[in-house]
Amino acid sequence: MPLKVLILGGSSEASALASALAGDPRVDAVLSLAGRTQTPAASPLPRRSGGFGGVQGLADYLTAERIDALMVATHPFAAQMRRHAVAAARLRPTPLLIVDRPPWTPLPGDPWTCVPDMTAAARALGETPRRVLLTVGRQDLAPFAAHAQHSYLIRSIDPPADLPTGAELILDRGPFTETGERRLMEQRRVEVLVTKNAGGDATAAKLAAAQALGLEVVMVDRPSLPDLEGLDGQVVADAVQALDWLSHQARSPTERGV
Ligand SMILES: NC(=O)c1ccc[n+]([C@@H]2O[C@H](COP(=O)([O-])OP(=O)(O)OC[C@H]3O[C@@H](n4cnc5c(N)ncnc54)[C@H](OP(=O)(O)O)[C@@H]3O)[C@@H](O)[C@H]2O)c1
């Protein structure tokens, strides 16, 4: 019997896992998306969309679908889904893996201001009006509306429900190039970049461009990982390691030494 796998997606690692597992006879995998993006990329795996209805809803899904392995490949800032996955895997004991790509780190001399959350990021911009490139996603804009002295250039995949007064919007989806990012920053006379510490290559070009132009970066630190103590759980850094973990799960319990 193939291993039944639920992949919680919304990241480039989840897409890589979906591509790698499509057609693999050892697994019967489903990719789950929150359903926020209006035009999600095509998936080579069967896909479900929308929340599970909290921890109990996810635990019930794991039971009903007889899921053998839960792969949490959400974006590093999707903290609630990660917490729910861990709690559900406790309620309905299920081997669990979290894919947590390494965060970006500053190069020596990079003018980064690291802050714990979006409210602190908005405050870190200071009182003096500045031209700000905001790449924090469309759901985290509210704290910036309270600091209306700045001119915001906002980039997101889908349009935000509300924009800070006077903000300009660019609808675009990575990957971006350093040349393109630099051109954008120069043409729009950007003075400071605000970003979540998402890590990964797809959106890292903005940091190289900011560094080349000597721009300040306000970097929002990641939420912490949930505690896996007492769970059959593991954290890995990328899709390759996640596939190794899955190969281990796909072996019989005797082969795994369980
Ligand atoms: N936050 C970011 O910066 C960011 C950036 C890029 C992509 N994303 C992706 O966008 C999605 C939503 O992000 P978020 O920050 O709003 O998440 P979140 O705050 O961690 O999750 C909120 C709720 O959305 C539902 N949900 C989230 N991911 C899901 C998934 N893969 N499948 C089914 N339901 C899911 C769950 O609802 P129930 O409680 O009802 O199950 C969850 O409790 C995530 O899948 C994430 O990977 C997020």
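**Exercise 1. Determine how strand 4 and strand 5 are joined, and what surrounds them.**

*Solution.* Step 1. Strand 4 (residues 69-72) and strand 5 run parallel and are joined by three bridges. Strands here are DSSP runs of E with at least two residues, helices are runs of H or I with at least four residues, and both are numbered from the N terminus. Two strands pair if DSSP finds at least two bridges between them. The model is predicted: local features need pLDDT of at least 70, side-chain atom pairs count only at pLDDT 80 or more, and totals for chains, interfaces and linings use all residues. Residues are numbered from 1 along each chain as its sequence is written, and side-chain values use heavy atoms, with hydrogens and water left out.

Step 2. Within this pairing, Val 72 lies opposite Ile 98 of strand 5.

Step 3. Together with helix 3 (residues 79-91), strand 4 and strand 5 make a right-handed β-α-β unit. Right-handed means that, with the strands pointing away from the viewer, the path from the first strand over the helix to the second runs clockwise.

Step 4. Strand 5 is also joined to strand 12 (residues 233-236), by four bridges and in parallel. There, Ile 98 stands opposite Val 235.

**Exercise 2. State which way the side chains of strand 5 point, and whether they are buried or exposed.**

*Solution.* Step 1. In a regular strand the side chains alternate between the two faces of the sheet.

Step 2. In strand 5 (residues 96-99), Leu 96 and Ile 98 point one way, while Leu 97 and Val 99 point the other way. All of these residues are buried, where buried means under 20% relative accessible area, exposed over 50%, and partly exposed in between (1.4 Å probe, protein chains only).

**Exercise 3. Give the strand order of the sheet that holds strand 5, and place helix 2 on it.**

*Solution.* Step 1. Six strands form an open sheet with parallel pairing, in the order 3-2-1-4-5-12.

Step 2. Strand 3 and strand 12 are the edge strands, each pairing on one side only.

Step 3. From one strand to the next the twist averages 20°. For such angles, axes are lines fitted to C-alpha atoms, for helices over the stretch in contact, and the angles run from 0 to 180 degrees between N-to-C directions.

Step 4. Helix 2 (residues 54-64) packs on the sheet and touches strand 1, strand 2, strand 3 and strand 4. Contact means heavy atoms within 4.5 Å. The direction of helix 2 makes about 155° with that of strand 1.

**Exercise 4. Trace the pairing of strand 2 and the surroundings of Val 5.**

*Solution.* Step 1. Six bridges join strand 1 to strand 2, which run parallel; Ala 29 in strand 2 is the bridge partner of Val 5.

Step 2. Strand 2 pairs in parallel with strand 3 (residues 47-49) over three bridges, and Leu 33 has Ser 49 of strand 3 as its bridge partner. Six of the seven residues of strand 2 are buried.

Step 3. The largest nonpolar core has 22 residues, and Val 5 is among those with the most contacts inside it, as are Met 71 and Leu 246. Such a core is a set of buried Ala, Val, Leu, Ile, Met, Phe, Trp, Tyr and Cys residues joined through side-chain atoms within 4.5 Å.

Step 4. Not counting residues up to four places away in sequence, Val 5 touches residues including Ile 67, Met 71 and Leu 246.

**Exercise 5. Explain why Asp 100 counts as buried, and identify its partners.**

*Solution.* Step 1. Asp 100 is located in the loop between strand 5 and strand 6.

Step 2. Asp 100 counts as buried because its relative accessibility is 17%.

Step 3. The side chains of Asp 100 and Arg 82 make a polar contact at 3.0 Å. A polar contact is a pair of N or O atoms within 3.5 Å; within protein, one must be able to donate a hydrogen and the other to accept it, and residues adjacent in sequence count only if both atoms are side-chain atoms.

Step 4. Leaving aside neighbours within four places in sequence, the contacts of Asp 100 include Pro 76, Arg 222 and Val 235.

**Exercise 6. Describe the sheet with the order 6-11-10-7-8-9.**

*Solution.* Step 1. This open sheet has six strands, and the pairing is parallel.

Step 2. Strand 6 (112-115) and strand 9 (168-171) stand at the edges with a single partner strand each, so one side of each is left without a neighbour in the sheet.

Step 3. Strand 6 runs parallel to strand 11 (residues 216-220), joined to it by four bridges, with Val 115 opposite Val 220.
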